[in-house]
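Colleague: Before we discuss this model, I should like each term to be set against its cut-off. Please begin with the cysteines.

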2 protein chains.
Amino acid sequence: MDTMGRHVIAELWGCNVDKLNNLKFIEKMMVDAALESGAEVREVAFHKFAPMGVSGVVIISESHLTIHSFPEHGYASVDVYTCGDRIDPNVAAEYITKQLEATKRESILVPRGMGPVEVKPYKVETFQK
Amino acid sequence: MDTMGRHVIAELWGCNVDKLNNLKFIEKMMVDAALESGAEVREVAFHKFAPMGVSGVVIISESHLTIHSFPEHGYASVDVYTCGDRIDPNVAAEYITKQLEATKRESILVPRGMGPVEVKPYKVETFQK
């Protein structure tokens, strides 16, 4: 298997607070995001924190998706890493952004497995509720 | 909980091929890396691919560690993401680098949860076997 991969790091702000604190919703959303992008789901692990917040990961054949939610800040920290060029990590990142109703997304794309490369500056986008 | 976090992305090359293909070794190493850095382990999920390669994640109270190994390339793609300033993600990244006997590491530190920030250029280090 080729080592080439693309890793989207997305910082989502202004998200729906109830969704951010709902483990079942987050877990289903992350699995659906993987499937939407055409990835094959292998393992799923999620954890709910007290008093709030959810962390979780979906391991896919093509690498992983992770999320850490901070309901008290309306913030979710999202990673979508896909190996190869068959799956576009942006599809899953877009899906998660919409599902969480984020009003602002800061994101970078990190090339993986291709040697030392330059990371382009953050892209900042704002969305209407 | 504060949203501030640090995310080390480490590309490890020239690793021990047998270790890269050993699920039990990789899983224990990743849990130990989390513990070495003082993190609290919450969930563990690993997967072995055919014909080779291991993917896995350790969810910690302070975020996550992930790995994807490509034994045929002597390559491991590692992420260590820790929230707050109590845990230093570099401690876990160093531990993994040594355990896998990597001869070269390319790494960047991505600040998380602090708004749009500049990622510093890759750091490339080489190590003797």
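Modeller: A disulfide is a pair of cysteine sulfur atoms within 2.5 Å. By this rule the count over all chains is zero disulfides. A:C15 is in none, the nearest cysteine sulfur being that of B:C83, 15 Å away. The model is a predicted one, in which local features need pLDDT of at least 70 and side-chain atom pairs count only at pLDDT 80 or more, whereas totals for chains, interfaces and linings use all residues. Residues are numbered from 1 along each chain as its sequence is written, chains are lettered from A and ligands numbered from 1 in the order in which they are written, and side-chain values use heavy atoms, with hydrogens and water left out.

Colleague: How do you know that B:C83 is in no bond with A:C15?

Modeller: The sulfur of B:C83 is 15 Å from the closest cysteine sulfur, in A:C15, and that is too far for a bond.

Colleague: Why are A:C15 and B:C83 called buried?

Modeller: Buried means under 20% relative accessible area, exposed over 50%, and partly exposed in between (1.4 Å probe, protein chains only). A:C15 has a relative accessible area of 5% and B:C83 one of 4%, so both are called buried.

Colleague: What makes the pair B:D79 and A:R112 a salt bridge?

Modeller: The term requires a side-chain nitrogen of Lys or Arg within 4 Å of a carboxyl oxygen of Asp or Glu. In this pair the N to O distance is 3.0 Å, so the side chains meet in a salt bridge. The count between chain B and chain A is four salt bridges.

Colleague: Which element gives the largest share of the side of chain B that touches chain A?

Modeller: That share, six residues, comes from β5(B). Helices (H or I, at least four residues) and strands (E, at least two) are DSSP runs, numbered from the N terminus.

Colleague: How many residues of each chain are in contact, and how much area do the chains bury between them?

Modeller: Contact means heavy atoms within 4.5 Å; 48 residues of chain B are in contact with 48 residues of chain A. Buried area is the accessible area (1.4 Å probe) that two parts lose on being put together, summed over both. For chain B and chain A it is about 3500 Å², with 61% on carbon and sulfur atoms.

Colleague: What is notable about the phi of A:S63, and is the residue buried or exposed?

Modeller: Its phi is near 130 degrees, a positive value in a residue other than glycine. Most residues other than glycine have a negative phi, and most peptide bonds are trans. A:S63 lies in strand β4 of chain A and, at 2% relative accessibility, counts as buried.

Colleague: Why is A:E101 called partly exposed?

Modeller: Its relative accessibility is 30%, which lies between the two limits, so A:E101 counts as partly exposed. A:E101 is in the loop between α3 and β6 of chain A and has a positive phi of about 60 degrees although it is not a glycine.

Colleague: Where are the cis peptide bonds at A:P51 and B:P51?

Modeller: The bond from A:A50 to A:P51 is cis, with omega near 0 degrees, and A:P51 is in the loop between β2 (41-48) and β3 (54-60) of chain A. The bond from B:A50 to B:P51 is likewise cis, with omega near 0 degrees; B:P51 is in the loop between β2 and β3 of chain B.
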